[in-house]
Amino acid sequence: MALAVDPLFFYALSIGRGGSPCLYMNGGLAAAVTVVRTCVDAVHLCHLWLQLRLAYVSRESLVVGCGKLVWDPRAIAAHYLRSLKGFWFDVFVILPVPQAVFWLVVPKLIKEEQIKLIMTILLLIFLFQFLPKIYHIICLMRRMQTVTGYIFGTIWWGFGLNLIAYFIASHVAGGCWYVLAIQRVALCLKQQCIGNSNLCNLSLSCSDEVCYQCDTSSINYKSLSSCLDVNGPFRYGIYKWALPVVSSNSVAVKILYPIFWGLMTLSTFGNDLEPTSNWLEVMFSICAVLSGLMLFTLLIGNIQVFLHAVMAKKRKMQLRCRDMEWWMRRRQLPSQLRRRVRRYERQRWAAMGGGDDEMELIKDLPEGLRRDIKRFLCLDLIKKVPLFDSLDDLILDNICDRVKPLVFSKDEKIIREGDPVPRMLFIVRGRVKSSQNLSRGAVASALLDPGGFFGDELFSWCLRRPFVDRLPASSATFECIEPTEAFALDAGDLRYIVDHFRYKFANERLTRTARYYSSNWRTWAAVNIQMGWRRYMQRTRGAALRYGSGDYVDSDRRLRQYAALFMSIRPHDHLE
C-alpha cells in the first residue's frame with residue numbers, strides 16, 4: 001500500500017487544461033493522495049510504537065543456548081533506538097517529504113516556470129525515499145518469514161507477491177513516464193516559442209498554480225497546438241502516447257493508462273519502445289527493460305519452485321506405483337488383489353496429502369513438543385472412548401504419545417474373527433462393520449461410526465493375572481464399508497500404560513464401563529435378550545400350540561440348543 005501511494009503524486013501535475021499549454025497542479029487529487037499517504041504513515045507510526053514495546057532476543061545469549069528474551073521496556077527501547085536499520089530507518093521512510101515538496105515547493109516553481117527543475121526534483125525525491133522503502137518492505141517480509149515460516153504459508157502467495165511486484169513496478173514506470181512526458185511537452189513549447197518570436201511572452205504556467213477548476217480560456221494556443229499532437233513535427237519517442245494523457249481532465253485516465261503502459265512495457269521487455277537520442281530517455285528505456293527482465297526472472301523462478309513442489313510429489317507417487325505394478329506382475333497377483341492394492345495406495349495418497357506420514361514428520365521434534373502436537377491431534381478422539389474418559393491428563397498424554405495413524409481402503413478387512421488382536425483402533429473417519437458368526441449361517445452385525453473403537457479385548461488381556469503373553473483372539477470380523485482413517489494403539493503400548501498406571505485401571509467402575517461399551521459384550525447381551533424373548537413367547541403360546549401343532553417338540557429342542565449355543569459365546573474378559 002505504501003509503495004503504491006507515492007507514484008500517485010506525479011499525476012497531480014497536468015499540462016494543457018482543455019488543450020491549453022500551461023502547467024498546473026490538480027489540488028483535489030494532490031489533497032486526496034496526501035491524506036492517503038498520511039494515513040499510511042500513521043499506520044507505520046503504530047508499527048514504530050509496537051517495536052518500542054516488542055521483546056527481542058539478546059545476541060549475547062545466542063552464544064550458548066537458544067537465546068533469551070529481553071522484557072525490560074527501557075532495554076527494548078534503547079536497543080531499537082541504537083539500531084540503524086531499526087528506529088532511524090523506520091522514521092526515514094515515513095518522512096513527509098513528498099507532501100512538503102508538493103505543497104510548498106512545486107507551486108512556487110510552477111509560478112517561476114521552472115518545469116525542468118520541477119521534474120528533476122520530483123524524480124530525485126521520489127527515488128530518494130522510494131528505493132529505501134522497497135528495502136524496508138523486503139526486510140519486514142524477511143522478519144515475517146522467520147516468525148511464520150514460509151512467506152504467508154503457501155506457494156500461491158509467491159504468485160501473488162510477483163503480481164503485486166509487477167503492478168508496483170508498472171505503477172512506478174508509468175508515473176515516471178508521465179512526468180518525463182510533461183517535461184518533453186514543455187521542451188516542445190519552449191522550442192516553438194523560440195522559433196516564433198511573436199509568442200515568446202506566453203506563460204507556461206496557468207493563472208492558478210494549484211487549481212481545482214482552472215479557467216485557461218484566455219491563453220492563445222492555436223499556433224502551439226502541434227506540441228499536443230501525436231502526429232506533430234516534434235519527436236516524442238517513447239512519450240508519444242502520453243500526450244492525450246497529460247492533457248486529459250479525467251483522473252482515471254491519468255492513473256490507469258500509465259499503469260497499462262508500464263505493465264505492457266515490462267512484460268514485453270520494451271520491444272515497442274522507440275526512444276530518441278535524448279540521454280535521459282535512453283536511460284529510462286534501459287531501466288524499464290532491465291526491470292522487466294528481472295521481474296520476469298523472479299516469476300519464472302517461482303513457477304519453477306511451484307512445479308517442482310507439485311511434480312515432485314506426483315513423481316514420487318508415480319515411481320511408487322510403477323514399482324508396485326512391477327512387483328505385482330512379477331509375483332503374478334490376481335486382478336482382485338491388484339485392484340485392492342491400487343485402491344489402498346490412492347486412499348493413502350489422498351489421506352496423507354501426497355506427503356510422508358505425519359508421524360514421520362514430527363518424530364525428530366523434541367519430546368515435549370511432539371507430545372503436545374499429538375495431544376492436540378488425538379486427545380478429543382481418545383476422550384470419546386468411555387474407557388479413557390475418566391483418566392487423568394498424565395495417562396491421556398501417554399496414550400496420545402503412542403497412538404499411530406492408519407489408513408484402510410474400502411472393503412478391507414481390518415481383522416478377522418479368531419485372529420489375534422494386535423492393536424486397539426479408534427475410528428477418525430469412515431465406518432466399520434462388525435460381523436460375528438453364530439450358527440447355521442446366522443451373523444450378528446453392528447456398525448462403528450467415527451468416534452467408535454474396537455479391539456477392547458486387549459484391555460482385559462492387560463489386566464489378566466497371571467499374565468499370559470498370548471494375544472487374545474478377536475471375537476468378530478471388522479470390515480471397512482468405506483475409506484477409513486483411524487488411530488491405533490499397539491498391544492505392547494497398551495500393556496505398558498496399563499502396567500505403569502495399574503492403580504488407575506484396576507477398579508470396579510472401569511471394569512463395568514469396559515463391559516458396558518464393549519461390542520462383544522453388547523452382542524452377547526443382545527443375543528441373550530432375544531433368546532429370553534423367544535423363550536417367553538414359547539412359554540406363553542406353548543399351551544395353545546402344544547396340541548395344535550406337531551412341531552412343538554422340535555421347536556422346543558431347537559430352542560434349547562440355541563440357548564446353549566448363545567450362552568457359550570459369553571466374552572471372556574478376565575475382569576472378574
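Helices here are DSSP runs of H or I with at least four residues, numbered from the N terminus. With that settled, M1 sits in the segment before α1 (2–5). The model is a predicted one, and M1 is a handy place to start. At 70% relative accessibility, M1 lands on the exposed side, because exposed means over 50%. Even so, M1 has contacts further along the chain: leaving out neighbours within four places in sequence, M1 touches V36 and V40. The C-alpha atoms of M1 and V40 are 7.6 Å apart, although 39 residues separate the two along the chain.

Stepping back to the whole chain, the protein has 20 helices and 13 strands. Of its 576 residues, 41% are buried. Looking just at contacts with a separation of 6 or more, 74% are between residues 24 or more positions apart.

R184 is next, and its setting is another matter. R184 belongs to helix α7, which covers residues 156–195. Its relative accessibility is 8%, so R184 counts as buried, the cut-off being under 20%. Not counting residues up to four places away in sequence, R184 is in contact with F234, R235, Y236 and Y239, and also with T276, N278 and E281.

Now for helix pairs. Helix α3 (residues 73–82) and helix α4 (residues 84–92) have axes that come within 4 Å and cross at roughly 70 degrees. That angle makes α3 roughly perpendicular to α4, because the range for that label is 65 to 115 degrees. On the α3 side the contact is made by Y80, L81 and R82, and α4 brings in L84, G86, F87, W88 and D90. Sorted by class, this contact of α3 with α4 has 5 nonpolar residues, 1 polar and 2 charged.

The second pair is α14 with α16. The axes of α14 (residues 393–402) and α16 (residues 491–500) come within 10 Å and cross at roughly 165 degrees. This makes α14 roughly antiparallel to α16, since angles over 145 degrees get that label. The crossing of the two is right-handed. I395, N398, I399 and R402 of α14 meet D493, Y496 and I497 of α16. By class, the contact of α14 with α16 divides into 4 nonpolar, 1 polar and 2 charged residues.

Turning to the strands, one open sheet has 4 strands in the order β7-β12-β9-β10, with antiparallel pairing. Its edge strands are β7 (413–415) and β10 (443–448), each of which pairs on one side only. On average, and ignoring direction, neighbouring strands of this sheet are turned by 25 degrees against each other. Inside the sheet, β9 (residues 432–437) and β12 (residues 477–480) run antiparallel and are joined by 4 bridges. K433 has E479 of β12 as its bridge partner, while S434 has F478 in the same role in β12. β9 also pairs with β10, again in the antiparallel sense, over 6 bridges. Here the bridge partner of S435 is S445 in β10.

Another open sheet of 4 strands has the order β6-β13-β8-β11, and its pairing is antiparallel too. At the edges stand β6 (404–408) and β11 (453–454); each has a single partner strand, so one side of each is left without a neighbour in the sheet. Further in, β8 (residues 423–429) and β13 (residues 484–490) pair in the antiparallel sense over 6 bridges. R423 stands opposite D490 of β13. Helix α13 (residues 367–383) packs on this sheet and touches both β8 and β13. The direction of α13 makes about 100 degrees with that of β8.

Notes. Residues numbered from 1 in each chain as written. Predicted model: local features only at pLDDT ≥ 70, side-chain atom pairs only at ≥ 80, totals over all residues. Heavy atoms only, no water. Axes fitted to C-alpha atoms, helices over the stretch in contact; angles between N-to-C directions. Parallel < 35°, antiparallel > 145°, perpendicular 65-115°, else oblique. Contact = heavy atoms within 4.5 Å. Nonpolar A, V, L, I, M, F, W, Y, C, P; charged D, E, K, R; others polar. Left-handed = near helix turned anticlockwise from the far one by under 90°. Pairing = 2+ DSSP bridges. Buried < 20%, exposed > 50% of the residue type's maximum accessible area, 1.4 Å probe, protein only.
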